[in-house]
Amino acid sequence: TLLAYSSPAQTLQKKSSLFSACPASADCSVQQLNSLFNAVNGQTIQLALTEKFILKGTLKNKINKYGKIETLFIQLPSFGNTLLSVSRRMDEQKKYVYSAHLLNKNFADGYQLKRHKNDVYRFEKIETEKLLPLCNQ
């Protein structure tokens, strides 16, 4: 006996862009990144990437894993409560290496921090739906 079942295809709604009015990239110095780690939970933090692209929010959580990796989670009310996560670790030369993501599951875009030069990092705009796997749970 052969049975055939059909089910309606999942329809995915296209998410809107949160950062459409923001630059495609913005440089960030090691000094700017390092200063974030002086904050304490509940403190307001401001990171001016350009004159008009300023990330301002509250430090929600600060984690130190194994004494080797520090991570901050900053909630940004002016960007729909998007979370900025910033991590740092020491490399073999005893210099900090940073990584960061600016993501909101409700929007199609975000930013990823990439090392551009020794002491210059760059936030680069990303399309999250292309980079992150689709999860329907």
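Q: Among contacts between residues at least 6 apart in sequence, what share joins residues at least 24 apart?

A: A contact means heavy atoms within 4.5 Å. Among the contacts in this protein between residues at least 6 apart in sequence, 38% join residues at least 24 apart. The model is a predicted one, in which local features need pLDDT of at least 70 and side-chain atom pairs count only at pLDDT 80 or more, while totals for chains, interfaces and linings use all residues. Residues are numbered from 1 along each chain as its sequence is written, and side-chain values use heavy atoms, with hydrogens and water left out.

Q: Which residues are in contact with Tyr 121, leaving aside its neighbours within four places in sequence?

A: With those neighbours set aside, the contacts of Tyr 121 include Ala 26, Asp 27, Cys 28, Val 30 and Leu 33, and also Tyr 96, Val 97, Tyr 98 and Leu 113. Between the C-alpha atoms of Tyr 121 and Ser 29 there are 6.0 Å in space, although 92 residues separate the two in sequence. Buried means under 20% relative accessible area, exposed over 50%, and partly exposed in between, with a 1.4 Å probe and protein chains only; Tyr 121, at 1% relative accessibility, counts as buried.

Q: What pattern of helices and strands does the protein follow along the sequence?

A: Helices (H or I, at least four residues) and strands (E, at least two) are DSSP runs, numbered from the N terminus. The protein has two helices and eight strands, and the pattern read along the sequence is β-α-β-β-β-β-β-β-β-α. Tyr 121, discussed above, belongs to strand β8.

Q: In what order do the eight strands stand in the sheet?

A: Two strands pair if DSSP finds at least two bridges between them. Here the order is β1-β8-β7-β6-β5-β4-β3-β2, an open sheet with antiparallel pairing. The edges are taken by β1 (25–29) and β2 (44–48), each of which has a single partner strand, so one side of each is left without a neighbour in the sheet. On average, and with direction ignored, neighbouring strands are turned by 30° against each other, where the axes are lines fitted to C-alpha atoms, for helices over the stretch in contact, and angles run from 0 to 180 degrees between N-to-C directions.

Q: How many bridges join β1 to β8, and how many join β6 to β7?

A: The antiparallel strands β1 and β8 (residues 120–127) are joined by five bridges, and Ser 29 stands opposite Val 120 of β8. Two bridges link β6 to β7 (residues 109–117), again in the antiparallel sense, with Tyr 111 of β7 as the bridge partner of Leu 102; a hairpin of five residues connects β6 and β7. On the other side, β5 (residues 82–90) and β6 pair over eight bridges, also antiparallel, and Leu 84 has Leu 102 of β6 as its bridge partner.

Q: Which residues have the most contacts inside the largest nonpolar core?

A: A nonpolar core is a set of buried Ala, Val, Leu, Ile, Met, Phe, Trp, Tyr and Cys residues joined through side-chain atoms within 4.5 Å. The largest one here has 30 residues, and those with the most contacts inside it are Phe 53, Leu 55, Leu 84 and Phe 123. Strand β6 (residues 96–103) supplies the largest share of this core, four residues. Beyond its neighbours within four places in sequence, Leu 55 is in contact with residues including Ile 45, Leu 47, Phe 79, Leu 84 and Leu 102. Of the 137 residues of the protein, 32% count as buried.

Q: Where do Asn 81 and Lys 94 lie, and what sign does phi take in each?

A: Most residues other than glycine have a negative phi, and most peptide bonds are trans. Asn 81, in the loop between β4 (69–76) and β5, has a positive phi near 60°, and with a relative accessible area of 43% Asn 81 is partly exposed. Lys 94, in the loop between β5 and β6, has a positive phi of about 65° and counts as exposed at 67% relative accessibility.

Q: How many disulfides does the structure hold, and are Cys 22 and Cys 28 buried or exposed?

A: A disulfide is a pair of cysteine sulfur atoms within 2.5 Å, and the structure holds zero of them. Cys 22 counts as buried at 16% relative accessibility, and Cys 28 counts as buried at 1%.
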